[in-house]
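Colleague: I would like to learn how to read a protein structure one feature at a time. Could we go through it together, with the general idea before each case?

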Amino acid sequence: MAEHVIASNLVERHNAAEKASLRRDYDALGERLYRRGIAIDAVLQKVAAFTVAVPSWGVGTGGTRFARFPGVGEPRDIFDKLQDCAVINELTRATPSVSLHIPWDKADPARLKETAYRFGLGFDAMNSNTFSDAPGQPLSYKFGSLSHTDPATRRQAVEHNLECIEIGKAIGSKALTVWIGDGSNFPGQSNFTRAFERYLSAMKDVYAALPTDWRLFTEHKMYEPAFYSTVVQDWGTNYLIAQELGQKAFCLVDLGHHAPNVNIEMIVARLIQFGKLGGFHFNDSKYGDDDLDAGAIDPYRLFLVFNELVDAGLDGAKGFSPAHMLDQSHNVTDPIESLMVSAMEVQRAYAQALLVDRGALEGFQATNDALMATQTLKAAFRTDVEPILAMARMMAGGAVDPVAAYRASGYRARMAGERPAVSAGGGGIV
Ligand SMILES: [Mn+2]
C-alpha cells in the first residue's frame, strides 16, 4: 500500500460531500448515452485504465527567456519532485508514472526506486539533456551536441545518452526520449546534410546500446533555441530518423513543436499508419512552443488527436502503443494544480473520442456527407463527460474535484514551511 501524502480521510470527506450529486449526474449521462447506443460503464472502464505520465520538471515553476518567478514550497530536488508527483496521482489517479530528466534528476538509483515505490509511482521515459551545459562538463553544446562538427563533442553527447539508459535500466524505465537543440541561427552557418548525417551516425551509437525491450523516442521541434534551422525540425525528418535507426525507434509528437495551424492530428494518423508513432508530449499552444496547459487553448484539437488514437486502437494498428506524457511549463499557476487539470483534460479528450459514433462516421465519409460527418465528431466533443472522469477518479480512491481537495489540504502552505526557497533550479521548457 502506497504512502499517502494527502491524508486519505481528507479525500474521503471531500468525496462524501460530492458523492450523491455525482451519482445523479453519472446516471443522467448514462441514460443519454444509452439512447445513443453507448454503455457508459464500458467508457468508464476505459477511462479508468487511461494514464498519462508527469514530467519531473513540470512540478517546478518554469519560466521564460526573460525571467522565472518561483512559487512557494517549490521542490528542492528529485525526491521533493516525486512527492509532488505523488500528490497529483493521489488526487487524479491518472498519473502513476514520472518521466525523469538527466542530469537534473540525477540521484542514487536505488533511492529513486525506493522513493517512487513508497509513493506508488513508477518511471516513464528517461529524458537526456544535450541542449544545455551541465556544471563541469568538458565540452560545450553551444554549437550543437549529437550533430556537432567536433567528433569529441558528439561522443560526449552519445555517452550522456548511454548514461541515461543505464540509470533508466536501474530504475525500471523502458524508454529514452531524445530532444536536441542543435541547429543554426544564420543561413550558411551549418550544412544541412552534413549536420543530419552526423546526427544519424551519433544516434546509431545510442540506438545500439538500447536494451531489447526498450523504445527510443525522438522528438522534433521546428525552432528554438536555433532560429534559422533545426536538425530535427519536423515530423518528416523525425520519421526518417525512426526509419534509419530501426524497429525500436519511434517519433514523439510534442503538440507545441509545430508551425501554427499545422494539422497535427493528420501527422498523428500518418505516423500510426506507418507504425512509427511513439507517443506524445501533451501541452497547448497559441503561437509557438508555449507549453501551456493541455487543452487550455484548443481543446477541440486535443479531441481530434484522440479521435485518431481511438480509431487506430479499434483498427488494431500494428504495434500501436503510444506513450502519453505531459510536457508543460507553469509560470503563473501552482504546477501541481496545472498538472492535475491537464491530466484530466487529456483524459477528457480520450473519453470524448470514445463516444464518436464510428459506424455513422464511416457511412457519412463513404457517401461524402461532409456536414453530417463533422457533426458526428461534434456530437461526441460536445458531450460533457465530467461525470465519467469524476466517477473513475472516485472509484480509484482519487478526489471527485482534485483541485478543490488539493486546496483544502493546505499542501502548498505546508511545503512552503518545509522547503526553503531556492533561487536556481532546472528550466522548464523542453
Ligand atoms: Mn517536449
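Colleague: What order do the strands of the open sheet have, and is their pairing parallel or antiparallel?

Modeller: Please keep in mind that this is a predicted model. The open sheet has 3 strands in the order 1-2-3, and their pairing is parallel. The edge strands are strand 1 (54–55) and strand 3 (122–123), each of which pairs on one side only. Between strand 2 and strand 3 there are 2 bridges in the parallel sense, and Val98 has Phe123 in strand 3 as its bridge partner.

Colleague: Which residues of helix 6 are buried?

Modeller: The general idea comes first: an α-helix has 3.6 residues a turn, so residues three or four places apart point the same way. In this structure, the buried residues of helix 6 are Ala195, Arg198, Tyr199, Ala202, Met203, Val206 and Tyr207. Their cover includes helix 5 (151–171), strand 7, helix 7 (235–245) and strand 9 (249–254).

Colleague: What span should helix 6 have, given its 17 residues?

Modeller: Helix 6 covers residues 192–208, and at 1.5 Å a residue it should span 24 Å; because its end C-alpha atoms are 24 Å apart, the model agrees with that expectation.

Colleague: Which peptide bond leading to Pro225 is cis?

Modeller: As a general guide, most residues other than glycine have a negative phi, and most peptide bonds are trans. Here the bond from Glu224 to Pro225 is cis, with omega near 10°, and Pro225 is found in the loop between strand 7 (215–219) and strand 8 (229–230). Glu224 lies in the loop between strand 7 and strand 8, and although Glu224 is not a glycine, it has a positive phi of about 80°. Another cis peptide bond runs from Ile102 to Pro103, with omega near 20°, and Pro103 has its place in the loop between strand 2 (97–99) and helix 4 (109–118).

Colleague: Where does Asn368 lie, and is it buried or exposed?

Modeller: Asn368 lies in the loop between helix 11 (358–366) and helix 12 (370–381), and Asn368 has a positive phi of about 55° although it is not a glycine. To judge exposure we count C-beta neighbours, and a residue with 12 or fewer within 10 Å is called exposed. Asn368 has 7 such neighbours inside 10 Å, so it counts as exposed.

Colleague: How many C-beta neighbours does Glu224 have inside 10 Å?

Modeller: Glu224 has 14 C-beta neighbours inside 10 Å, and therefore it counts as partly exposed.

Conventions. Residues numbered from 1 in each chain as written. Predicted model: local features only at pLDDT ≥ 70, side-chain atom pairs only at ≥ 80, totals over all residues. Helix = DSSP H or I, 4+ residues; strand = E, 2+ residues; numbered from the N terminus. Buried ≥ 20, exposed ≤ 12 C-beta atoms within 10 Å, placed from the backbone. Expected span 1.5 Å × (residues − 1). Contact = placed C-beta atoms within 7 Å. Pairing = 2+ DSSP bridges.
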